[in-house]
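Reader: I am new to this one and would like a guided tour. Could you take me through it step by step?

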Amino acid sequence: MNKTQMERIKYVLVEHEIMLETRIRRSTSEPLKDSYRKSLRKNLAAQVALEEVGIQP
């Protein structure tokens with residue numbers, strides 16, 4: 001995977017993070033919020049992994 005591809009992945013992860021945060025705020029279902037939070041944790045872990053290899057948003 002080249003740097004351009006990794007930068008694109010990082011950009012998509014940030015967009016997905018924003019979408020998940022919005023859904024967590026708007027949702028009225030606790031089980032659904034928990035699912036979104038779990039996805040958000042995975043998303044943030046992926047962002048950290050990319051940052052560790054030198055890709056910034």
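Below, a reader asks and an author answers, going from the whole chain to single residues.

Author: Before we start, this is a predicted model, in which local features need pLDDT of at least 70 and side-chain atom pairs count only at pLDDT 80 or more, while totals for chains, interfaces and linings use all residues. Residues are numbered from 1 along each chain as its sequence is written, and side-chain values use heavy atoms, with hydrogens and water left out.

Reader: Thanks! How many helices and strands does the protein chain have?

Author: Helices (H or I, at least four residues) and strands (E, at least two) are DSSP runs, numbered from the N terminus. Counted that way, the secondary structure of the protein chain is two helices and zero strands.

Reader: What radius of gyration does the protein chain have, set against a compact globule of 57 residues?

Author: The radius is taken over C-alpha atoms, and the globule rule is 2.2 Å times the number of residues to the power 0.38. Along its principal axes the C-alpha trace spans about 40 × 15 × 15 Å. A compact globule of 57 residues would come out near 10 Å, but the protein chain has 13 Å.

Reader: How far apart are the end C-alpha atoms of helix 2?

Author: Helix 2 covers residues 30-52. The expected span of a helix is 1.5 Å times one less than its number of residues. For the 23 residues of helix 2 that gives 33 Å, which agrees with the distance between its end C-alpha atoms, 33 Å.

Reader: And how far apart are the end C-alpha atoms of helix 1?

Author: The 24 residues of helix 1 should span 34 Å at 1.5 Å a residue. The model agrees with this, as the end C-alpha atoms of helix 1 are apart by 35 Å.

Reader: Which helix do the buried residues of helix 2 pack against?

Author: Buried means under 20% relative accessible area, exposed over 50%, and partly exposed in between (1.4 Å probe, protein chains only). In helix 2 the buried residues are Lys33, Tyr36, Leu40, Asn43, Gln47 and Leu50. Those of helix 1 are Met6, Lys10, Leu13, Glu17, Leu20, Thr22 and Ile24, and they pack against helix 2. In turn, the buried residues of helix 2 pack against helix 1.

Reader: Is leucine 50 buried or exposed?

Author: Leucine 50 has its place in helix 2. Its C-alpha is 8.6 Å from that of glutamate 7, although the two are 43 residues apart in sequence. With a relative accessible area of 11%, leucine 50 is buried.

Reader: What share of the contacts with a separation of 6 or more comes from residues 24 or more positions apart?

Author: Contact means heavy atoms within 4.5 Å. Among the contacts in the protein chain with a separation of 6 or more, residues 24 or more positions apart account for 59%.

Reader: Which residues are linked in a network of salt bridges?

Author: A salt bridge is a side-chain nitrogen of Lys or Arg within 4 Å of a carboxyl oxygen of Asp or Glu. Glutamate 30 pairs with lysine 33 at 3.9 Å, N to O, and also with arginine 37, where the closest N and O atoms are 3.8 Å apart. Aspartate 34 meets arginine 37 as well, at 3.1 Å, N to O. The linked residues are therefore Glu30, Lys33, Asp34 and Arg37.

Reader: What separates aspartate 34 and arginine 37 along helix 2?

Author: An α-helix has 3.6 residues a turn, so residues three or four places apart point the same way. Aspartate 34 and arginine 37 are three residues apart in helix 2, and so their separation is about one helical turn.

Reader: Is lysine 33 buried or exposed?

Author: Its partner glutamate 30 counts as partly exposed, at 43% relative accessibility. Lysine 33 has a relative accessible area of 16%, so lysine 33 is buried.

Reader: Which side chain of opposite charge is nearest to glutamate 17?

Author: Lys and Arg count as positive and Asp and Glu as negative; His and the chain ends are not counted. Glutamate 17 is found in helix 1, and touches Leu40, Asn43, Leu44 and Gln47, not counting residues up to four places away in sequence. Glutamate 17 is buried yet has no salt bridge. The nearest side chain of opposite charge is 6.7 Å away, and belongs to lysine 10.
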